[in-house]
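This report concerns a single chain and its covalent cross-link. Please inspect the model below before reading on.

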Amino acid sequence: MNKKFAAAVSGGAVLMLVLSGCGGDDGDEKANAWAKKVCDKWQPELKKIETANADIKRVATESSKPEEVQTTDSAAFGTMSASYKAMGTALQGAGVPPVKDGQTTQATAIKGFEESSKGYADLKTKMEALDAKDQTKFAEGLKEVAGGLDQATQGGKNALNTLKAGGLDKAMNGQKGCQVAAPSASPK
């Protein structure tokens, strides 16, 4: 059960934050300047999400007590919720991206990050409500929480796909702040 939970989690947040491809080119200076504003603000959030994912995976793969799993996962979901919200705020603060339909691209991406923020806040609430004293009930509840991970990450995936479709992927991939290390394959 715990290994499945770890696999579900590690396949989520950090991996989805890599837009695609490797560094960008020297193309559009306006897009690069916009991407730098966003990525500089995203970098600390990406690191927080990566660390939260690692914490969840650690307690899920070790023989951790339900109380430790509950505390760690709850804190990690809270971190992820705050980080996705901050990523949406950074998009808002960077202004309209200099691409065709930039305003729509920006608004749709912000909405996606807000959805992921809310999704992780909901998972935090569910995790805190689990009965860690009853191992059977806790395991059943953990399955439900794990089932909600895909939904929680979907908004962020949609946001990144929106930015990519809007033509911002090259500019963003060229920014050091938007580059994260892809996690290694996890056990199933």
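## Burial of the linked cysteines

C178 has a relative accessible area of 7% and is therefore buried, where buried means under 20% relative accessible area, exposed over 50%, and partly exposed in between (1.4 Å probe, protein chains only). C39, at 0% relative accessibility, also counts as buried.

The model is predicted: local features require pLDDT of at least 70, side-chain atom pairs count only at pLDDT 80 or more, and totals for chains, interfaces and linings use all residues. Residues are numbered from 1 along each chain as its sequence is written, and side-chain values use heavy atoms, with hydrogens and water left out.

## The disulfide

What does a search of the whole structure find? The search yields 1 disulfide, defined as a pair of cysteine sulfur atoms within 2.5 Å. The bond joins C39 to C178, with an S to S distance of 1.9 Å. The angle about the S-S bond is -90°, and the link is left-handed. Because C39 lies in helix 3 (residues 29–61) and C178 in the segment after helix 8 (169–173), the pair ties together parts that are 139 residues apart in sequence.

## Overall architecture

The chain contains 8 helices and 0 strands; helices (H or I, at least four residues) and strands (E, at least two) are DSSP runs, numbered from the N terminus.

Of the 188 residues in the chain, 47% count as buried. Among contacts (heavy atoms within 4.5 Å) with a separation of 6 or more, 84% are accounted for by residues 24 or more positions apart.
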